[in-house]
Amino acid sequence: MALREYEYFLAIAEETNITKAAHRLHVSQPSLTQQLKRTEEELGCKLLLRTNTGVQLTEAGEAYLQMARQMLQLYEKFKYEVGQLQKLNHGRLRIGASWYLTTTLLSEIISEYTRQFPGILMDCVENRTSLLLEQLHSGQIDLAFVSRFPHENSVNQKRLAYLPLYQDPFCLVASAGCPLQTEENGPWVDLASLDAYPFIMFRPNQRIRQITDRILSQAGIHPQIRLTTYGFPIAMTQAAAGMGVVILPAGYITMVKESYDVRVYGLNPAYSAYWDIGAYYPHYDIMPFALNAFVECIRNFRPIR
């Protein structure tokens, strides 16, 4: 049944006259009569009895009228709910990010978004980039902030839109008491001089470890791994204590370095030592209201670097 049929029948029942109902609905009487006939034929029963004074509802007609009123009320409630969603007075948004991006990026964006749209319930999920993309594809989250390898393509993300944000360069961190040699032709640390030097490394399944391995391979060195860890804080703490050097993203270093007695060295641009920070979200013909507003918030975001 179409919503229009319910409206037509409600008007006939309230006016108890097809002519008056047609006038009220701004349709012709024959059109209204034909619509009523099609409804009765579809249901296989009479809904109205014609009398000298108009029409009278049958028992089936009374039941149909009750249902029609309920359906119209539900539709009005639905229109109200959609209106509230359009106004972003309520809704839900599930955002994924790595621990690193949750710390350095996501909190700033969420603060601005919730200031503008306090009625939206935010659900933040922390995970590795590869798992976040799986969750995005399966519909468990609405958007994922990710760190990508330099020049990484999105061949496996064809159903997703990608919004680039900025490049986050990598630096080498060492104890302040262990000055390192820099290159002759630039201010960057001389990685070649660190062959067999003690390093603090991250776990093999982490992107930062994979990028670090690639950088050290390009430099032709074989680090002595003194510590393997998952967390940036312990890596920074042990680097400051002189256990070894560690490669970390500049966004994190900038945030915490005042708390550590360390030296920070840049890496030669030839190593492409950075990762791209951006956000993936599904392609939509019509994007959900809350997600659309969040994407616009990201577009207008200017991180402090």
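This is a short dialogue on reading cavities, buried residues and nonpolar cores in a predicted model.

Trainee: Where should I look for empty space inside this protein, and how many cavities of 30 Å³ or more are there?

Mentor: Here is the general idea: rolling a probe the size of a water molecule over the atoms shows where empty space is left. In this predicted model, the count comes to one cavity of 30 Å³ or more. The space in the largest cavity is about 60 Å³.

Trainee: Which residues line the largest cavity?

Mentor: Its lining is made of E5, Y8, F9, I12, L32, Q35, L36, T39 and Y64. Sorted by class, that gives six nonpolar, two polar and one charged residues. Helices α1 (3-15) and α3 (29-43) each supply at least two residues of this lining.

Trainee: Now a single residue, please. Is A97 buried or exposed?

Mentor: A97 counts as buried because its relative accessibility is 0%, and the cut-off for buried is under 20%. You will find A97 in strand β3 (residues 91-97). Beyond its neighbours within four places in sequence, A97 is in contact with T102, L106, V125, E126, N127, L132 and F145. A97 and R128 are 31 residues apart in sequence, yet their C-alpha atoms are 7.5 Å apart in space.

Trainee: What about T212, which has a polar side chain?

Mentor: T212 belongs to helix α7 (residues 207-219) and counts as buried because its relative accessibility is 3%. A polar atom of the T212 side chain lies 2.7 Å from the backbone oxygen of I208. Outside the four-place window in sequence, T212 is in contact with M201 and I247.

Trainee: How do I read a helix with many buried residues?

Mentor: Start with the geometry: an α-helix has 3.6 residues a turn, so residues three or four places apart point the same way. Then take helix α10 (residues 289-299), where A290, L291, A293, F294, V295, C297 and I298 are buried. What covers them includes β3, α5 (99-116), β4 (120-126), β5 (143-148), β6 (160-175) and β11 (274-282).

Trainee: Which residues of the largest nonpolar core touch the most other members?

Mentor: Those are Y113, L143, F145, L172, L248 and F294, in a core of 68 residues. Strand β6 gives the largest share of this core, eight residues. Apart from it lies another core of 20 residues, including I12, A22, A68 and L72.

Trainee: What does F294 contact, leaving aside its neighbours within four places in sequence?

Mentor: F294 is in contact with L93, I95, L106, I109, Y113, M122, L143 and F145.

Notes. Residues are numbered from 1 along each chain as its sequence is written. This is a predicted model: local features need pLDDT of at least 70, side-chain atom pairs count only at pLDDT 80 or more; totals for chains, interfaces and linings use all residues. Side-chain values use heavy atoms; hydrogens and water are left out. On a 1 Å grid over the protein atoms alone, a cavity is a set of points where a 1.4 Å probe fits but cannot get out, and a pocket is an open set with protein on both sides within 12 Å along at least five of seven lines; lining residues have an atom within 4 Å of a point. Grid points are joined across faces, edges and corners, and a volume is the space filled by probe spheres set on the points. Helices (H or I, at least four residues) and strands (E, at least two) are DSSP runs, numbered from the N terminus. Ala, Val, Leu, Ile, Met, Phe, Trp, Tyr, Cys and Pro count as nonpolar, Asp, Glu, Lys and Arg as charged, and the others, Gly among them, as polar. Buried means under 20% relative accessible area, exposed over 50%, partly exposed in between (1.4 Å probe, protein chains only). Contact means heavy atoms within 4.5 Å. A polar contact is a pair of N or O atoms within 3.5 Å; within protein, one must be able to donate a hydrogen and the other to accept it, and residues adjacent in sequence count only if both atoms are side-chain atoms. A nonpolar core is a set of buried Ala, Val, Leu, Ile, Met, Phe, Trp, Tyr and Cys residues joined through side-chain atoms within 4.5 Å.
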